[in-house]
Amino acid sequence: MNDVIIIENLTKRFKDATVLKNINLSFEKGKIYGLIGRNGSGKTMLLKSICGFVPATKGRILVEGKEIGKDIDIPDNLGAIIEAPGFLPNYNAYNNLRFLSVIKNKISKEEIFDVIRTVGLDPNSKKHVGKFSLGMRQRLGIAQAIMEDPEILILDEPMNGLDNAGVADMRNILFDMKEKGKTIILASHSKEDIQILCDHVIEMDHGEVISVL
């Protein structure tokens, strides 16, 4: 079996609100999946659940054979951007990524420099992130998500704030990761991004999966 993520009967409730309803999905290695649906459809909550940020009320999520909340709290080999990336505003791009890299201590200074270049930023720049444009912050967020070469990439609106050149750069990065066998799940309001990037499209509404193409 080539399924990297398996979701079984996933339900999430907050008091009287049910935000995910009996979700059953699987995600294969080396594929890009698009999540579509209007605001409030459950896309971001599903992504947070896969990342281990939100515990399930019912059901389970298996990531590389390990159950979230039972075998592991947060999948180790996963990179993510969910909502606006948070950075320390008084430090430059390199130092922000260096501070984050210390948590797992898996990558070198040279590898951090390389990933900053990959997303189209200057690793030697002294400019503080607090003075970055929205597009520059988004590029740095993608660098953070991919810097440790994760097997799984979870992206919530990854093209936010990017100009046409930035969108083209990010698409190339995602295609390159797919070629390397990574599993990528992205939520997007852009029909063009979904059509160009995704092997499969999952439509959600009111916390339910209503179609898988």
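User: In this predicted model, which residue does the side chain of E151 meet in a salt bridge at 3.6 Å, N to O?

Analyst: The model is predicted, and side-chain atom pairs count only at pLDDT 80 or more. A salt bridge requires a side-chain nitrogen of Lys or Arg within 4 Å of a carboxyl oxygen of Asp or Glu. The side chain of E151 satisfies this at 3.6 Å, N to O, and its partner is K29.

User: How many residues apart in sequence are the parts that E151 and K29 tie together?

Analyst: E151 lies in the loop between helix 4 and strand 7 (152-156). K29 lies in the loop between strand 2 (17-28) and strand 3 (32-36). The pair therefore ties together parts whose separation in sequence is 122 residues.

User: Are E151 and K29 buried, partly exposed or exposed?

Analyst: Partly exposed residues fall between the buried limit, under 20%, and the exposed limit, over 50%. E151 has a relative accessible area of 23%, and K29 has one of 38%. Both values lie in the intermediate range, so E151 and K29 are each partly exposed.

User: Which lysine meets E151 in a salt bridge at 3.1 Å, N to O, and where does that lysine lie?

Analyst: The side chain of K182 meets that of E151 at 3.1 Å, N to O. Because K182 lies in the loop between helix 5 and strand 8 (183-187), while E151 lies in the loop between helix 4 and strand 7, this pair ties together parts that are 31 residues apart in sequence. K182 is buried, with a relative accessible area of 3%. The lysine asked for is thus K182, in the loop between helix 5 and strand 8.

User: What is the N to O distance in the salt bridge of K180 and D176, and which residues are joined into one network by salt bridges that share partners?

Analyst: The side chains of K180 and D176 meet in a salt bridge at 3.3 Å, N to O. K180 is exposed at 53% relative accessible area, and D176 is partly exposed at 39%. Salt bridges with shared partners join one network, whose members are K29, D149, E151 and K182.

User: How many salt bridges does the count come to?

Analyst: Side chains of opposite charge can pair when their charged atoms come close. The pairs described above, including K182 with E151, meet the criterion applied here. By that criterion the count of salt bridges comes to 14.

User: At what angle do helix 4 and helix 5 pack, and how are they oriented?

Analyst: Two packed helices are described by the angle between their axes and the distance between the axes. For helix 4 (residues 134-146) and helix 5 (residues 164-179), the axes are 12 Å apart and the angle is about 10°. Angles under 35 degrees count as roughly parallel, so helix 4 is roughly parallel to helix 5.

User: Which residues of helix 4 meet helix 5, and how does the contact divide by residue type?

Analyst: On the helix 4 side, the contact is made by R139, I142 and I146. On the helix 5 side, A165, G166, D169, M170, I173 and M177 take part. By type, these residues divide into six nonpolar, one polar and two charged.

User: How many disulfides does a search of the whole structure find, and why is C51 in none?

Analyst: A disulfide requires two cysteine sulfur atoms within 2.5 Å. The cysteine sulfur closest to that of C51 belongs to C198 and is 16 Å away, which is too far for a bond. C51 is buried at 1% relative accessibility, and C198 is buried at 14%. The search of the whole structure accordingly finds a number of disulfides equal to zero.

User: Where is D193, and which residues does it touch?

Analyst: D193 is found in helix 6 (residues 191-197) and counts as buried at 4% relative accessibility. Leaving aside residues up to four places away in sequence, the residues touched by D193 are M159, V167, R171, S188 and C198.

User: What are the phi values of N9 and N105?

Analyst: Most residues other than glycine have a negative phi. N9, in strand 1 (residues 3-14), and N105, in the loop between helix 2 (93-101) and helix 3 (109-118), have positive values. N9 is partly exposed at 36%, whereas N105 is exposed at 64%. Phi is near 50° for N9 and about 55° for N105.

Note on methods: Residues are numbered from 1 along each chain as its sequence is written. This is a predicted model: local features need pLDDT of at least 70, side-chain atom pairs count only at pLDDT 80 or more; totals for chains, interfaces and linings use all residues. Side-chain values use heavy atoms; hydrogens and water are left out. Helices (H or I, at least four residues) and strands (E, at least two) are DSSP runs, numbered from the N terminus. Buried means under 20% relative accessible area, exposed over 50%, partly exposed in between (1.4 Å probe, protein chains only). Axes are lines fitted to C-alpha atoms, for helices over the stretch in contact, and angles run from 0 to 180 degrees between N-to-C directions. Angles under 35 degrees count as roughly parallel, over 145 as roughly antiparallel, 65 to 115 as roughly perpendicular and the rest as oblique. Contact means heavy atoms within 4.5 Å. Ala, Val, Leu, Ile, Met, Phe, Trp, Tyr, Cys and Pro count as nonpolar, Asp, Glu, Lys and Arg as charged, and the others, Gly among them, as polar.
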